[in-house]
Amino acid sequence: MKLRFGYVSNALSLWDCSPAKTMTYARHQKLDEGERLEALRRVTKQNLEHTLRIIHYNIAHEIHLYRFSSSLVPLATHPDASWDFIKPFRDEFQKIGDLVKENRMRTSFHPNQFTLFTSDRAAITENSVRDMEYHYDMLKAMGLEQEGLINLHVGGAYGDKKASAERFFDNIQSLSPDVYSRMTLENDDKTYTAAETLQVCEKGDIPLMFDYHHYQANKNEGEEQLEDLLPRFFQTWKRVGLAPKIHISSPKTEKEYRSHADFADLEFIMPLLKMLKEFDVDADMMIEAKQKDLALFKLVGEIAGIRGVKRVDGGSVVW
């Protein structure tokens, strides 16, 4: 079994390299009309340059998984401030995509919690479609539209979880086939359990992005045992031809169980790793810890210390 590890957005080891510098709409409106576009381009250029630095850093450290920041382009989807962010940065996007492909790095996006398809309000669905298209347009500009993925949650329950899940399939028809084909769904920590999200994924032929921390926070005892869920989870990835992908993190404290800790606690994650070993299935593991790349190095080092595990590069082990 081979496990590869990645992290989210910002490499903390690099100085001043946030790829998510932003501009609020309020600040945008305070600028003179002639300054607004220049300001948006300036922030976007910096975010793309920082992303390129991070990709080089990942290559140097043999980290094969990376989640792009969803905030690369400020106000890209704001109805009163949206702008053409592809044309002026075509070269920058292409450089990022070329590096990703040349080094066989697996990349993704994760829109925020407001991008959902269970609402009965048409405006929310329209905004969600706009946000999904924004993420897809960036993948396409990078040349990654056939391999990059866009992950989101099923959405809210709105007082009737079953009806909301059914509405998801009605609303999702608003997506183009191309955008739909890049979508994955993740189980959340409060509303849709892993089993419930898996049902939606199986019905819609959508890969499940299994979140182990969310599973522990939101599981129904006796109804969704890990050993029963994992084979079905693996199966959802057959269509896209990629290794199953799992989000891992650990609770900040017992009281703040749903919040992510600075680092990923090996003891918390160990039951999952042992079960993956039993199934002998390769998997890609996205670490959602506050300390980003530092958490990755710490966890991979600890896992490599387990008897029978061998570290094969900076971000991968075999067991």
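This report describes the nonpolar core and two helix pairs of a predicted model.

Local features rest on pLDDT of at least 70 and side-chain atom pairs on pLDDT 80 or more, whereas totals for chains, interfaces and linings use all residues. Residues are numbered from 1 along each chain as its sequence is written, and side-chain values use heavy atoms, without hydrogens and water.

The largest nonpolar core (buried Ala, Val, Leu, Ile, Met, Phe, Trp, Tyr and Cys residues joined through side-chain atoms within 4.5 Å; buried means under 20% relative accessible area with a 1.4 Å probe, protein chains only) holds 99 residues. Within this core, F5, F168, F210 and M285 touch the most other members. Leaving aside residues up to four places away in sequence, F210 is in contact (heavy atoms within 4.5 Å) with N187, A194, Y215, L226, L230, F233, K245, I246, H247 and L272.

Two helix pairs are set out below; helices are DSSP runs (H or I, at least four residues) numbered from the N terminus, and axes are lines fitted to C-alpha atoms over the stretch in contact, with angles from 0 to 180 degrees between N-to-C directions.

| Helix pair | Axis distance | Angle |
|---|---|---|
| α10 (residues 266-279) and α11 (residues 292-304) | within 12 Å | roughly 60° |
| α5 (residues 161-171) and α7 (residues 194-204) | 11 Å | about 30° |

The angle makes α10 oblique to α11 (neither under 35 degrees, over 145, nor 65 to 115). Their contact is made by L266, I269 and L273 of α10 and L299, E302 and I303 of α11.

α5 and α7 are therefore roughly parallel (under 35 degrees) to each other. Here K161, A165, F168 and F169 of α5 meet E196, V200, K203 and G204 of α7.

Key: Buried < 20%, exposed > 50% of the residue type's maximum accessible area, 1.4 Å probe, protein only.
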